[in-house]
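Here are some short exercises to work through with the structure open beside you. Try each one yourself before reading the solution.

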Amino acid sequence: MKHALRTLLIGLLFSLMLSSCSSLSDLVRSQVEGLPSWVYSPQTRSDQVAFVGQGSAAVAYNARLLAYEDILKQISEYVGEDVRSAYYRELTTTNAIADLKLTISSEHERTEGRLQNHVYLLARLDAGLLAGKRTSVYNEILKRDADIEELLKQADRSYRANDDTTTIRLYLEAAILAAQGPVNVKKHELPYLLEKAQTFISSLQLSLRDADPSKATVSVYVRRKSRLLSPKVLKASVTATFQARNSLGRSYTDFLQFNTAGDGFFSFVPYNQGLHKSGEVIFSLDFTDLRNRISSALDAQAIAPILAAMDECRIEFPYSIASPVAGRMVAAQIQAFNQQGALLPQGSALQSFSEELALDGIAVQQVSLGSVELEEQLAQLQTMYPQGALALLGTVGVLSTQQIQEKQVVVVSGRVRIHDLENQSVLYDTAEVEAVASGATLLEAREEAFRRFGSMASYLVRDFLFKR
């Protein structure tokens, strides 16, 4: 018993000696360096915690800011959360942080020559509030871990149900959570989650079956490369992008949205009658919402591989559609009339009509028939083409003109019919088509209105000619 007591007393004495030596060394060091003793050995009450911030810079003000940053860094390390963005402005402008009852109780400045200024700041904080901050941070970590784990469980269920795109979304949602603060579990860390999401994305591939380039129809399949489970991917959103022309002959990029639903594929049929008759359809997995979400929430460099993998989830389908009338003789005339009903020389209506059809491989021979009577026109055409032909005959006239401010506005109306000269039948009628245009002069506005009419009529006729 006496031996144990003696050992304990010797241990306590040795600890006191070490403590005294430490304090003494700090005091000697501060004296040698010409610094206050609190720089190395700050004294506080039992209900306080002290941090000493140090900053060095050529300008004293910048050195002071660095000292503030040093204090915030130490607080962040103490509580386990980066508090710099939350408290930097308050600390640097008020010399205090109300949430932690932080005050700068002492400060010291010294200069080395003309090039370096050193600033030391002693910050005292409420120990209870700081401990509470540390506890709340730890609780947030636990909750973050639990939330991420739940997302990963859902992702696993989605993957087993062949819903890979939902799996990817859940992993990226988990990554966004991981980026908001520290976690305790390795598989919950941001790099791991992003790598897993990229793996799932890279395993996806699109394939084409039952393709008919002459009709631009195809079945599009989404598959996963993994052989462990069924390869088909369900509920995947796919965008089909292609070039088309509107009724005024202007090209634009159109797109359609599809979903693989419960079959893992869908059938593409070009319902847009303005589809370029030769080109390609690009099918790509639609990650638009996810791209926007992670781009606004995560570091650009970190997600660059993810975005690159998304870009790879696509396939091109080249096509070339030929009209059933390709190779047949096609004659066209569109007679234009002014507002008084007088026949005008053939001009922009027939020209734009023919040019639009030619873009899709339908060669049109423009004719000029003397008569305005349909029966006489058909008889003349039968004489011109005894072997038969398609005759695209139309009329267009000026409905109204008016001046709006400094512009002349013209409205025209007309129609085009498709006649089969061989069996003397009408195959198609556009019905009445109206076109409006403006110009600096009446003639300019009228010619533009005729041109638009020709383009619009061609749009309707072209749809019929490619469906025969």
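**Exercise 1. Find the loop that holds Asn162, and decide whether Asn162 is buried or exposed.**

Step 1. Please keep in mind that this is a predicted model. Asn162 lies in the loop between α4 and α5 (164-178).

Step 2. Check the backbone: the phi of Asn162 is near 65°, which is positive although the residue is not a glycine.

Step 3. Now the surface. Buried means under 20% relative accessible area. Asn162 has 11% relative accessibility, so it counts as buried.

**Exercise 2. Do the same for Ala261: where is it, and what is its phi?**

Step 1. Look in the loop between β8 (251-259) and β9 (265-268), where Ala261 sits.

Step 2. Its phi is near 50°, again a positive value in a residue other than glycine.

Step 3. The relative accessibility of Ala261 is 38%, so this residue counts as partly exposed.

**Exercise 3. Describe how helix α2 (residues 60-79) and helix α4 (residues 127-160) cross.**

Step 1. The two axes come within 8 Å and cross at roughly 55°.

Step 2. Angles under 35 degrees count as roughly parallel, and 65 to 115 as roughly perpendicular. The pair α2 and α4 is therefore oblique.

Step 3. List the residues that meet: Ile75, Tyr78 and Val79 come from α2, and Leu130, Lys133, Arg134 and Val137 from α4.

Step 4. Sort this contact by class, and you get 5 nonpolar residues, 2 charged ones and no polar ones.

**Exercise 4. Take a closer look at α2: how far does it reach, and which of its residues are buried?**

Step 1. With 20 residues, α2 reaches 29 Å from its first C-alpha to its last, close to the 28 Å expected at 1.5 Å a residue.

Step 2. Its buried residues include Ala63, Leu65, Tyr68, Ile71 and Leu72, and also Arg64 and Ser76.

Step 3. Among the elements covering these buried residues are β1 (48-57), α3 (84-94), β3 (102-112) and α4.

Step 4. Just past the helix comes Gly80, which has a positive phi near 85°.

**Exercise 5. Work out the strand order of the open sheet of 4 strands, and say which strands stand at its edges.**

Step 1. The order is β1-β4-β3-β2, and the pairing is antiparallel.

Step 2. β1 and β2 each have a single partner strand, so they stand at the edges with one side lacking a neighbour in the sheet.

Step 3. Follow one pair: β1 and β4 are joined by 10 bridges, and Gly53 has Leu121 in β4 as its bridge partner.

Step 4. Add the helices. α2 packs on the sheet, touching β1, β2, β3 and β4, and its direction makes about 140° with that of β1. α4 packs there too, touching β1 and β4, with about 90° between its direction and that of β4.

**Exercise 6. Which strands pair with strand β16 (residues 407-420)?**

Step 1. Strand β15 (residues 390-404) runs antiparallel to β16, with 14 bridges; here Gly394 stands opposite Val416.

Step 2. Strand β18 (residues 433-439) pairs with β16 in the antiparallel sense over 7 bridges, Val412 being matched with Ala435.

Step 3. Strand β17 (residues 425-429) is also antiparallel to β16, over 4 bridges, and Asp420 faces Ser425.

Step 4. Finish with burial: 11 of the 14 residues of β16 are buried, so the strand is mostly covered.

How values were computed: Residues numbered from 1 in each chain as written. Predicted model: local features only at pLDDT ≥ 70, side-chain atom pairs only at ≥ 80, totals over all residues. Heavy atoms only, no water. Axes fitted to C-alpha atoms, helices over the stretch in contact; angles between N-to-C directions. Helix = DSSP H or I, 4+ residues; strand = E, 2+ residues; numbered from the N terminus. Parallel < 35°, antiparallel > 145°, perpendicular 65-115°, else oblique. Contact = heavy atoms within 4.5 Å. Nonpolar A, V, L, I, M, F, W, Y, C, P; charged D, E, K, R; others polar. Expected span 1.5 Å × (residues − 1). Buried < 20%, exposed > 50% of the residue type's maximum accessible area, 1.4 Å probe, protein only. Pairing = 2+ DSSP bridges.
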